[in-house]
Amino acid sequence: MTSTDERTATGDALAERVTHLQNAMHKLGADVIRLQTQLADVAAARPEEEPDPGEAPAPFIFNMSREAYKAELAALVRWVDGFLVPVYVGDAAAWCPAWWEHHEAVGRLHALRLAYTELADTASAGASGPARWHAEHLDPLLARLLADDGPFSGCLGGAGHVERRRPAPRAAALQADQVRDEG
C-alpha cells in the first residue's frame with residue numbers, strides 16, 4: 001500500500017467516524033425532544049393546588065401512590081423550574097436540565113419544597129423561618145446537588161443530561177476479570 005492509499009484509508013475511517021458522530025447527535029436531539037415532551041406532559045397533568053393551611057402536610061413524594069406521585073412531580077417541576085432555578089441556581093454549570101431524571105434530586109428537591117412551604121410562612125414559622133430555610137435547607141441542598149460527586153456530576157450541565165446506569169452483574173464481573181488479568 002502506498003502513502004496515498006494510507007491517507008485514503010485514514011480519510012475513509014475519518015468519514016465513518018464523522019457519520020457515526022452525526023448519527024449520535026441526531027439521537028441526542030431526539031432524546032431532548034422526548035424529554036421535553038415528557039416534561040410538558042408532567043407539567044400539564046394537573047394544576048398545582050395551594051395547600052389548605054389547616055390541612056396536614058403532604059407526604060414525602062416517594063411515599064405516594066403512582067398517580068399522586070405524578071401530580072406531585074408536576075407541581076415540583078413547576079416550583080423548581082419556575083422559582084428555584086431562576087432565583088437561586090441561575091446558569092450554574094453543574095445543574096442538570098433534566099433534574100427530574102435523578103431520583104436523589106427529586107427526593108431532595110421535594111423535601112426542600114416541603115420545608116419551604118413550612119418555613120416561608122412567617123405567621124406560623126416566625127420571622128426567622130425564611131432565614132432558617134436558606135441556611136438549614138437551601139444552601140446544603142444546592143451544595144450537594146452541584147457537588148463534584150453529586151447526582152448531576154455525570155451530566156453536562158446546561159448542555160445535556162447523562163443517564164447513569166449500573167452495569168449488568170455479568171458485565172461487571174467481566175470488567176473485574178479484565179482488570180485482574182491486566183494487573
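**Close-up views of a predicted model**

**View 1. Ring pairs link Trp79, Phe83, Tyr88, Tyr116 and Trp133 into a cluster.** The model shown here and in the following views is predicted. In total, the structure holds nine aromatic pairs. Two of these pairs, which share Tyr116, are detailed in the next two views.

**View 2. Phe83 and Tyr116 form a tilted aromatic pair.** The ring centres are 5.2 Å apart, and the planes meet at 45°. Phe83 belongs to helix 2 and Tyr116 to helix 3. The pair thereby links distant parts of the chain, the two residues being 33 residues apart.

**View 3. Tyr116 and Trp133 form an edge-to-face aromatic pair.** Here the centre-to-centre distance is 5.0 Å, with 70° between the planes. Because Tyr116 lies in helix 3 and Trp133 in helix 5, this pair ties together parts that are 17 residues apart in sequence. Are the two partners buried or exposed, or does either fall in between? Tyr116 has a relative accessibility of 27% and therefore counts as partly exposed, since that class lies between the 20% and 50% limits. Trp133, in contrast, is buried, with a relative accessible area of 1%.

**View 4. The largest nonpolar core comprises 29 residues.** Within this core, Val80, Trp95, Trp99 and Leu109 touch the most other members. Helix 2 (66-89), helix 3 (103-119) and helix 5 (129-145) are the elements that give two or more residues to the core. Of these, helix 2 gives the most, with eight residues.

**View 5. Surroundings of Leu109, one of the core residues that touch the most other members.** Which residues are in contact with Leu109, leaving aside its neighbours within four places in sequence? They are Leu76, Trp79, Val80, Leu84, Trp95, Trp99, Leu141 and Leu145. Val80, Trp95 and Trp99, named together with Leu109 in the preceding view, are thus included among these contacts.

**View 6. Glu72 of helix 2 and its polar contact with His110.** Glu72 is found in helix 2. Its relative accessibility is 15%, so Glu72 counts as buried, because the limit for this class is under 20%. The side chains of Glu72 and His110 are joined by a polar contact of 2.9 Å. When neighbours within four places in sequence are left aside, Glu72 is in contact with Ile61, Met64, His110 and Arg113. His110 therefore appears both in this list of contacts and as the polar partner of the Glu72 side chain.

Key
Residues numbered from 1 in each chain as written. Predicted model: local features only at pLDDT ≥ 70, side-chain atom pairs only at ≥ 80, totals over all residues. Heavy atoms only, no water. Core = buried A, V, L, I, M, F, W, Y, C linked by side-chain atoms within 4.5 Å. Buried < 20%, exposed > 50% of the residue type's maximum accessible area, 1.4 Å probe, protein only. Helix = DSSP H or I, 4+ residues; strand = E, 2+ residues; numbered from the N terminus. Contact = heavy atoms within 4.5 Å. Phe/Tyr/Trp six-rings, centres within 6.5 Å; stacked < 30°, edge-to-face > 60°. Polar contact = N/O pair within 3.5 Å; in protein donor to acceptor, adjacent residues only side chain to side chain.
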